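Hi,

Here is the structure I promised to pass on. Have a look at it first, then read on for what turned up.

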Amino acid sequence: MTYTVDFHTVSTVGLESSPAAAALAGLRANEARYFKNKYNHEFTVEPAADSEDTIEWVHRILQEERDIVISSPPLEATAFQVENIRMAYVFYENGLSVNVMYTLDDGGKRAVGFKLSDGMEVPEELATRFKFARQKSKLAGTIRGSYFTIKKEY
């Protein structure tokens, strides 16, 4: 079942099995607000079982670019296009959010972003590879994030 994320009323719908459900819901709402304000895009997610292609695409990029395998199970995902940018998000049970920004134009920006829900520890598979910057959010508390640039074509 597809769920349209409401950033006015933060809800843990679809994230209930996460020990960081409230913080992850805030992080998800923060992303929804960004896309609504910047692109007038309604941010919708669906259960991981219904998003296998999106999750496989994100996991393939992580594996091939940096040999990263996320150990936490995915709970939800989404994929959409705004302007000429293909976006994909995967929200994990441990509170991690991974997004891929893939500009469709040759030579455009392409990157993978990691965001940690408020209060969560850096996952072991990322801890030694990335430094995480802090960002404050009214919806998500303190978000810590990092990213890397995608080199290959997907």
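Strand E4 and strand E5 (residues 96-103) run antiparallel and are joined by seven bridges. Strands here are DSSP runs of E with at least two residues, helices are runs of H or I with at least four, and both are numbered from the N terminus. Two strands count as paired if DSSP finds at least two bridges between them. If you want one pair to click on, Tyr 89 has Asn 99 in E5 as its bridge partner. Three residues separate E4 and E5 in a hairpin, and Gly 95 in that turn has a positive phi of about 105 degrees.

Before you go further: this is a predicted model, where local features need pLDDT of at least 70, side-chain atom pairs count only at pLDDT 80 or more, and totals for chains, interfaces and linings use all residues. Residues are numbered from 1 along each chain as its sequence is written, and side-chain values use heavy atoms, with hydrogens and water left out.

Now the other neighbour of E4. Strand E3 (residues 74-82) is antiparallel to E4, with eight bridges between them; Pro 74, for instance, is partnered by Tyr 92 in E4. These two also make a hairpin, this time with two residues in between, and Glu 83 in the turn has a positive phi of about 50 degrees.

How covered is E4 (residues 85-92)? Seven of its eight residues are buried, where buried means under 20% relative accessible area, exposed means over 50%, and partly exposed is in between (1.4 Å probe, protein chains only).

Zooming out, there is an open sheet of eight strands in the order E1-E2-E3-E4-E5-E6-E8-E7, with antiparallel pairing. Strands E1 (3-4) and E7 (133-137) each have a single partner strand, so one side of each has no neighbour in the sheet. Helix H1 (residues 21-39) packs on the sheet and touches E1, E2, E3, E4, E5, E6 (110-116), E7 and E8 (141-149); contact means heavy atoms within 4.5 Å. The direction of H1 makes about 165 degrees with that of E4. Helix H2 (residues 52-66) packs there too, touching E3, E4, E5, E6 and E8, at about 95 degrees to E4. For these angles, axes are lines fitted to C-alpha atoms, for helices over the stretch in contact, and the angles run from 0 to 180 degrees between N-to-C directions.

One last spot: Glu 124 is in helix H3 (residues 124-127) and is exposed, with a relative accessible area of 74%.

Cheers
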